[in-house]
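Here's one to poke at in your viewer. Have a look, then we'll go through a few questions about it.

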Amino acid sequence: MDDLYRDYILEHYRRPHNFGVIEDATSSFEGSNPLCGDRITMMLRINDGVVEGVGFTGRGCAISQASASLLTDEIKGKPVAEVEAFRADDLLDLLGIDISPARLKCAMLSHDSLQHVLGDLGASDPTNTTPSPAEAGA
């Protein structure tokens, strides 16, 4: 089963969904993990309280990039209130593998960046983002 999830993550890494710049983004944020060099710029276009467009650019390990791909798939077309309710644990569930404490920041970079974008929109608290390694099941 782990091999299936690894293949799933590698597929999102090789062919990420929603990868690219959104020129008319309502808000964006560039997040980084200085410990490993991962970078993600998350962009949202909000129309009538709904995430009409979402995109990301960046570079980094398979976990960070697959996480961003999965997250953008999950929030596209949803009301901002529903996106605000999307927790870090929900993203870990989407990844479907155990994440070690060393890789937790990689996995959560897209979620952290999303929280900052929502914060810039006045919608969320960008400081409440990453679960502890114990909460992540590591």
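**Helix, rings and confidence**

In helix H4 (residues 88-95), Ala88, Leu91, Leu92 and Leu95 are buried, meaning under 20% relative accessible area with a 1.4 Å probe on protein chains only; helices are DSSP runs of H or I with at least four residues, strands are E runs of at least two, and both are numbered from the N terminus. They span an arc of only 100 degrees around the axis, taken from the directions to the C-beta atoms, so they sit on the same side of H4.

This is a predicted model, where local features need pLDDT of at least 70 and side-chain atom pairs count only at pLDDT 80 or more, while totals for chains, interfaces and linings use all residues. Residues are numbered from 1 along each chain as its sequence is written, and side-chain values use heavy atoms, with hydrogens and water left out.

Q: Which kind of aromatic pair do Phe19 and Phe56 form?
A: Rings of Phe, Tyr and Trp (its six-membered ring) pair if their centres lie within 6.5 Å; planes under 30 degrees apart are stacked, over 60 edge-to-face, the rest tilted. The centres of Phe19 and Phe56 are 5.2 Å apart and the planes are at 90 degrees, so the pair is edge-to-face.

Q: Is Phe56 buried or exposed?
A: Phe56 lies in strand S3 (residues 50-59). Its relative accessible area is 0%, so Phe56 is buried.

Q: What is the average pLDDT of the protein chain?
A: pLDDT is the predictor's confidence in each residue, from 0 to 100. Here 85% of the residues score at least 70, and the chain average is 88.

Definitions and conventions
Buried < 20%, exposed > 50% of the residue type's maximum accessible area, 1.4 Å probe, protein only.
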